[in-house]
Amino acid sequence: MNLKFKNKRIAGILTILPKRVVAFEEEMGNYNFPEKKSLRLKKIMGYNTHRIAAEGQCSSDFCIHGLQYLFDNGMLQKDEIDALLFVSQSPDYFMPPTSNLIQGHFGLKHDMICMDINQGCAGFELGLMQAFMLLEQESINKVVLMNADVLSPKVSIHDRNRNPLFGDAAAITIVEKTNDDEDIYVAVKMDGTGAKSLMIPAGGFRMPCSEETAIEHEDEAGNFRSLNNLVMQGDDVFNFVQREVPPMIQDLLERAHLTADDIDWYMFHQPNKFMLNKLADAIGVAYDKMPSNIVENFGNASGVTVPTCISFNLGEKLEQESYQMCLAGFGVGLTWAAIIMKVGNLSFNRIIEY
Amino acid sequence: MEELKSKLAEILEEESVEDNDVLEEFDYWDSLTILGIISMVSEKYKKTFKAADIRACATIGDLCKLILG
């Protein structure tokens, strides 16, 4: 699905990370593997430390902390928010929407749209797409996009193939109208036949959590997890990403009349260094244009990895400079999406801790 | 065939591998190695395999047959 927008911009990005740093070695003893094998995994996948929320801290807590920071520092005014988007797979409740809870927490105006979007790995691109669509309306001038996931409670600590790569985080991106009429090219694709490649089997209405779903079983690779835990078919996801993402990027570049070299930064979702380097090879991009350092520093927080990648690698530089960026996310759904747009001259681009 | 075997040896971190070598007996036979093989085969041989396809092989010979077959 090809979409195109004009007169929209990202005005600021704030990434909020948990204070707690957990090193790969600290958790190695939980895995049913010799140390030598685990260290080899660490090296090849690029694992090192990840950020884990404190017990009881939810996705929305990081969003509230970030919004309060923006209000307190005069970086965002409460009454200018026309829409509040919460993109997450770790909401506070099944009902009500977490975006409404956050609106209520701050007592924001009633004349606004709150919307929860259930998306993960491509959550930043899907969130931006929704923000751009809302901004087509005359009455909407500023959208606050919140990407947040605290999935660590759902990942088995005895699962070597999943636990070390995940991290918790949130990001707040301000999206607004602009007179600058540069085109924004968006591509989105979905394949629900692969929906179970990444899932948390129990805990919803289809399979409520019970004593049985909490029992850990060993899988064919020697990992232990229960039906309450997040599971990802690594081989299916790897094959899907290598098959679908490079042609999507090539097609998007053609639509934008750009070559791969014209893009200053490829800010991609961060599953692990191995997969990102393979993607860079397939697209024909130098590794230094596609940062792959988020998993090793903070872990993969699904839709939050792209804004984290922008905040961590460009920081204040993006407050002075502007770059042609290619953003991309791919995973749960299966959903894969990419955006080519200019990003720069932001009012803020930083990381805070909570 | 020899080129494939040298690639497999590289992924398994072995000097060399032989047809009769049993996969389960390699020090580094694990899910990471299997992903490495899937990735290498997709790059060099333009073929897609699932982890279960690779796991169904018992020896290096079986694996070569699967990949080149």
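Let me start with a definition: a residue is buried if 20 or more other C-beta atoms lie within 10 Å of its own, exposed if 12 or fewer, and partly exposed in between, with the C-beta atoms placed from the backbone. Take Glu13(B). Buried or exposed? Glu13(B) counts as exposed, because 11 C-beta neighbours lie inside 10 Å.

Now the ground rules. This is a predicted model, where local features need pLDDT of at least 70, side-chain atom pairs count only at pLDDT 80 or more, and totals for chains, interfaces and linings use all residues. Residues are numbered from 1 along each chain as its sequence is written, while chains are lettered from A and ligands numbered from 1 in the order in which they are written.

Stay with Glu13(B) for a moment. Its phi is near 55°, a positive value in a residue other than glycine. Glu13(B) sits in the loop between α1 (2–12) and α2 of chain B. Helices here are DSSP runs of H or I, at least four residues, and strands are runs of E, at least two, numbered from the N terminus.

So what is chain B made of? It has four helices and zero strands. From the N terminus on, the order is α-α-α-α. The C-alpha atoms of chain B fill a box of roughly 25 × 25 × 20 Å along the principal axes. Buried residues make up 25% of its 69 residues. The radius of gyration is 11 Å, which agrees with the value near 11 Å for a compact globule of 69 residues. That radius is taken over C-alpha atoms, and the globule rule is 2.2 Å times the number of residues to the power 0.38.

On to chain A. It has ten helices and 17 strands. Its C-alpha trace spans about 60 × 45 × 35 Å along the principal axes. Buried residues make up 48% of the 354 residues. For chain A the radius of gyration is 19 Å, in agreement with the value near 20 Å for a compact globule of 354 residues.

Next, a sheet in chain A. Which strands form it, and in what order? The order is β6-β5-β7-β8-β2-β17 in chain A, six strands in an open sheet with mixed pairing. Two strands pair if DSSP finds at least two bridges between them. In general, strands of a sheet pair through backbone hydrogen bonds, either parallel or antiparallel. The edges are β6 (113–117) and β17 (348–353) of chain A, each pairing on one side only. Look at β7 (residues 142–149) and β8 (residues 169–177) of chain A: they pair in the antiparallel sense over eight bridges. There, Ala148(A) stands opposite Ala170(A) in β8(A).

A helix lies across this sheet. Helix α5 (residues 123–135) of chain A crosses β2 (8–17), β5, β6, β7 and β8 of chain A, running at about 160° to β7(A). Axes are lines fitted to C-alpha atoms, for helices over the stretch in contact, and angles run from 0 to 180 degrees between N-to-C directions.

Now two helices side by side. Helix α6(A) packs with α7 (residues 273–283) of chain A at an angle of about 35°, with the axes 10 Å apart. By class, their contact has nine nonpolar, one polar and one charged residues. Ala, Val, Leu, Ile, Met, Phe, Trp, Tyr, Cys and Pro count as nonpolar, Asp, Glu, Lys and Arg as charged, and the others, Gly among them, as polar.

One residue to find in α6 (residues 234–255) of chain A is Gln242(A). Gln242(A) is partly exposed, because 19 other C-beta atoms lie within 10 Å. What does Gln242(A) touch, leaving aside neighbours within four places in sequence? Lys278(A), Ala282(A) and Ser42(B). Contact means that the C-beta atoms, placed from the backbone, lie within 7 Å.

Ser42(B) takes us to the interface. Twelve residues from chain B and 14 residues from chain A make the contact. On the chain B side, α2(B) gives the largest share, six residues. That side has five nonpolar, four polar and three charged residues.

Last, some backbone details. The peptide bond from Met95(A) to Pro96(A) is cis, with omega near 0°. Pro96(A) lies in the loop between β5 and α4 of chain A. Another cis bond joins Gly333(A) and Leu334(A), with omega about -15°.

Methods. Two residues are in contact if their C-beta atoms, placed from the backbone, lie within 7 Å.
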